[in-house]
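Student: I should like to learn how to read the core and the chain contacts of a model. Where should one begin?

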Amino acid sequence: MTTTREKERTRSSHLPFGDQRDSPFYGRDIVSVRQFTDEDLRYIFDVAHEMREMVSRIGAFDLLKGKLLANLFYEPSTRTSASFTAAMERLGGSVIPINEVKYSSVSKGESLPDTVRSLEAYVDVIVLRHPEEGATALAAQYTKKPIINAGDGVGEHPTQALLDLFTILEELGEVDGLTVTLVGDLKYGRTVHSLARLLSRYEVTLNYVSPDILQMPDKIVTEIEESGTPQAVHTDLESVIGDSDVVYVTRVQKERFENPADYEKVAGAYVISPETMKLAKERMALMHPLPRVNEISIDVDDDPRAAYFRQMEYGMYVRMALLALVLGKA
Amino acid sequence: MTTTREKERTRSSHLPFGDQRDSPFYGRDIVSVRQFTDEDLRYIFDVAHEMREMVSRIGAFDLLKGKLLANLFYEPSTRTSASFTAAMERLGGSVIPINEVKYSSVSKGESLPDTVRSLEAYVDVIVLRHPEEGATALAAQYTKKPIINAGDGVGEHPTQALLDLFTILEELGEVDGLTVTLVGDLKYGRTVHSLARLLSRYEVTLNYVSPDILQMPDKIVTEIEESGTPQAVHTDLESVIGDSDVVYVTRVQKERFENPADYEKVAGAYVISPETMKLAKERMALMHPLPRVNEISIDVDDDPRAAYFRQMEYGMYVRMALLALVLGKA
Amino acid sequence: MTTTREKERTRSSHLPFGDQRDSPFYGRDIVSVRQFTDEDLRYIFDVAHEMREMVSRIGAFDLLKGKLLANLFYEPSTRTSASFTAAMERLGGSVIPINEVKYSSVSKGESLPDTVRSLEAYVDVIVLRHPEEGATALAAQYTKKPIINAGDGVGEHPTQALLDLFTILEELGEVDGLTVTLVGDLKYGRTVHSLARLLSRYEVTLNYVSPDILQMPDKIVTEIEESGTPQAVHTDLESVIGDSDVVYVTRVQKERFENPADYEKVAGAYVISPETMKLAKERMALMHPLPRVNEISIDVDDDPRAAYFRQMEYGMYVRMALLALVLGKA
């Protein structure tokens with residue numbers, strides 16, 4: 001990974017005037033949120049904010065005209081795939097969707113490195129979704145083109161974590177000083193793990209609200225403890241919602257419970273209703289990675305604090321920023 | 001639906017000079033042919049005709065450059081999907097195909113309103129194909145972006161009805177005064193129902209030619225009667241083809257018959273052959289919504305009156321017109 | 001096929017200044033390598049080389065802006081589909097992917113000619129992949145738009161053969177005078193058959209290295225004999241690799257063998273390892289149509305003579321050239 005940027009710089013000798021080839025992101029892979037310095041994060045969010053402004057003013061522009069993105073999805077994810085496609089097309093670039101890898105040559109037994117090495121001849125940047133942890137890091141070793149992790153199994157989904165943080169920033173103006181309450185399935189949710197890790201780099205207080213059997217894993221609690229971030233465990237939301245600047249809800253999946261009766265017992269306990277929202281601060285953000293089933297009542301959708309659909313939109317800006325950055329154009 | 005346009009107008013404050021924001025179509029949903037006034041229809045067909053001229057002269061142009069369309073298909077329809085894609089791309093816009101909703105987050109249980117509200121952040125217009133009647137009207141309530149019905153079950157398929165009428169207009173120069181004969185399965189065919197309704201707004205004579213068990217439903221006959229349109233029922237085509245300006249053929253599907261022998265009896269009765277065409281007027285249009293199986297012999301394809309492949313082409317112009325209109329650019 | 005060009009010329013009266021409407025390729029179908037004169041081949045490879053230069057200098061350009069390609073794939077082929085998509089998009093054109101014909105109207109029983117006649121209204125050029133031999137020639141009879149064969153069953157895959165030859169040209173600077181060794185499954189491999197035929201039009205020496213039961217078919221050996229091209233059959237690679245300028249490896253598929261033990265016996269015999277490459281010339285090209293399984297050890301990938309990933313890239317240039325040529329723009 002670390003050599004990628006060097007390789008790319010060597011190959012590309014034809015970038016027009018105005019390119020940001022000195023940018024620390026040019027040619028880089030986006031594998032994990034851990035790769036970013038605090039400075040990197042500020043820069044990404046600044047560019048994402050600019051993207052938001054540009055889209056609001058002119059809808060789309062030709063920053064990445066002539067650039068090609070391969071959307072290489074080894075498992076389906078309509079939302080993430082559509083978000084990257086929209087991001088690339090709003091920047092004037094084009095997308096080659098490779099969404100059905102069961103049909104692709106991969107099903108004839110080709111390895112991920114071979115697929116990536118073949119694809120790199122066609123495109124300027126690769127977005128990879130893969131069911132196996134570490135797939136992006138592996139693939140990145142085999143291609144000179146920048147590769148962006150769009151989720152690799154129980155591993156990382158860095159663009160989700162970045163868009164979650166960007167949502168907090170855009171909705172509330174800052175991250176430092178906030179109390180963030182994570183609700184629902186904290187044991188298996190890759191999303192909340194990444195978000196908690198990322199938040200621990202700021203001055204926040206974290207609340208965890210979940211059924212007993214779905215608590216935040218010790219490994220992550222320990223990791224975050226080292227950062228000095230205050231963490232508190234709760235089983236009911238009512239006791240903390242009034243102090244929360246952000247409530248981040250995730251789905252409690254029935255299939256996590258051995259005994260269906262156990263599920264029924266807890267399922268209703270974390271449903272956000274208009275009644276719940278009456279307990280919340282006047283200025284706060286209610287977030288959800290979507291899709292939701294019934295963790296948040298649709299009666300809450302028109303509450304101005306309901307940020308989960310805007311969260312999708314912020315995701316597009318973050319992905320626009322990352323694409324522009326790794327292609328040396330932001 | 002009615003509030004959509006207002007909402008959209010409020011949000012978009014960045015349209016460049018030259019946009020037709022005063023157009024009665026700007027920001028509107030296309031849900032049903034019933035929503036259009038006669039004036040609306042004339043306007044749509046005028047713009048579609050202009051699109052035809054433009055494509056004939058220059059192939060493609062940048063009217064919708066920077067605009068994004070989500071092709072949200074909950075059931076497959078290659079033809080309709082390709083037609084909208086071609087329409088959008090010929091206008092310089094881009095398309096996000098979401099063709100396999102079984103793979104999408106919908107299969108994780110997400111509701112249509114949530115999907116539409118998530119997607120609207122990415123795109124400027126949504127084309128929706130859905131197996132359930134009323135799906136577009138429902139979805140339209142949840143998005144501020146214009147939504148176009150590309151068929152919702154036994155409900156409506158307004159762009160098909162519009163392209164059928166546009167085909168008659170372009171092929172024969174007018175609709176008033178024509179005799180239009182609908183042939184085949186008139187009972188289950190959504191296409192012929194919509195077309196008959198739309199034609200009843202003009203000065204036409206309608207003939208229905210079908211097997212007994214596949215006759216035009218009473219409900220539609222009654223509705224059309226109220227418009228004063230003459231309607232006549234026939235069981236053989238030979239008796240009316242000589243008076244017909246338009247013969248619109250649909251497929252008689254074997255699975256409609258309980259007894260296969262009944263199917264065999266009628267299946268051949270409405271096959272259009274070169275012999276049949278000898279009985280037809282010299283200037284008329286033979287139409288079919290396609291795909292055909294054997295309702296029209298391939299020996300008829302090169303007959304200049306065979307309009308069914310041109311019908312596909314006209315469909316692209318109608319869709320170009322609608323996209324430009326709802327995006328305020330025509 | 002032969003009438004296609006005339007038909008197209010008649011229809012298109014709106015091409016801007018600078019178009020190469022006198023080009024012998026304008027409006028032509030690409031069905032088989034046999035259709036090309038030696039002069040044609042030189043011209044294609046010259047244009048492909050120019051495409052390579054252009055991509056290396058500026059990445060993408062607007063030669064085919066406003067042009068639409070239908071990627072009509074009746075069987076999956078991610079690699080070929082992605083290559084044509086990249087080729088079209090690097091030239092500024094757009095692509096309508098029709099990748100899942102099982103879902104398309106074809107599954108409702110529509111014939112290939114009807115599909116092609118319907119599609120031609122939407123696009124400027126059609127790329128067709130089909131499991132049945134002769135499908136492209138058939139389809140070409142029904143459309144006025146140029147159609148490009150992207151593989152039709154055991155029939156032809158002309159763009160693969162052209163990219164193989166272009167790879168040899170770009171890697172080694174010439175074809176005449178070379179010794180080309182084809183390795184692996186020479187019996188069932190459509191790729192090696194087409195390549196051998198194409199090579200026999202140059203001054204080359206051909207070696208065939210394969211298990212006994214997978215030898216080059218007599219029919220092809222006889223055909224090539226008529227061209228005067230020297231051909232030699234070998235069962236081990238070691239004896240000829242030192243004299244080979246090109247070693248073209250294909251996969252020996254287990255399912256070709258009735259007795260698995262027979263497969264195991266030969267499978268290892270043609271694996272290219274770094275040891276094998278020590279026996280090869282210092283300047284030569286190791287090729288493979290990909291995907292590979294283990295016919296070539298991944299330890300060979302970084303050998304500068306390993307040309308198989310570059311082969312993919314050359315494929316994009318050849319397809320860019322063909323698209324530009326048949327659309328009258330090169």
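Tutor: Begin with the nonpolar core, bearing in mind that this is a predicted model. The largest nonpolar core has 293 residues. Those with the most contacts inside it are A:A321, A:L323, B:A321, B:L323, C:A321 and C:L323.

Student: What general idea lies behind such a core?

Tutor: In soluble globular proteins, nonpolar side chains tend to be buried together.

Student: Which residues does B:A321 touch, leaving aside those up to four places away in sequence?

Tutor: B:A321 touches B:I44, B:V47, B:A48, B:M51 and B:A330.

Student: How many residues does each chain give to the contact between chain C and chain A?

Tutor: Chain C gives 22 residues and chain A gives 19 residues. On the side of chain C, two or more residues come from each of α2 (38–58), α3 (78–90) and α12 (308–326). The largest share, 8 residues, belongs to α3(C). By character, this side of chain C holds 11 nonpolar, 5 polar and 6 charged residues.

Student: Which elements of chain B each supply at least two residues to the side that touches chain A?

Tutor: In that contact, 19 residues of chain B meet 22 residues of chain A. The elements in question are β2 (94–98) and α4 (112–119) of chain B, and α4(B) provides the largest share, 4 residues. This side of chain B comprises 8 nonpolar, 7 polar and 4 charged residues.

Student: What rotation superposes chain C on chain A?

Tutor: A rotation of 120° with 0.0 Å of shift along its axis does so, at an RMSD of 0.0 Å. The two copies are therefore related as by a three-fold rotation axis. In chain C, the C-alpha nearest the axis belongs to C:S94, 5.1 Å from it.

Conventions
Residues are numbered from 1 along each chain as its sequence is written. Chains are lettered from A and ligands numbered from 1 in the order in which they are written. This is a predicted model: local features need pLDDT of at least 70, side-chain atom pairs count only at pLDDT 80 or more; totals for chains, interfaces and linings use all residues. A nonpolar core is a set of buried Ala, Val, Leu, Ile, Met, Phe, Trp, Tyr and Cys residues joined through C-beta atoms within 7 Å. A residue is buried if 20 or more other C-beta atoms lie within 10 Å of its own, exposed if 12 or fewer, and partly exposed in between; C-beta atoms are placed from the backbone. Two residues are in contact if their C-beta atoms, placed from the backbone, lie within 7 Å. Ala, Val, Leu, Ile, Met, Phe, Trp, Tyr, Cys and Pro count as nonpolar, Asp, Glu, Lys and Arg as charged, and the others, Gly among them, as polar. Copies are superposed by least squares on the C-alpha atoms of residues with pLDDT of at least 70 in both.
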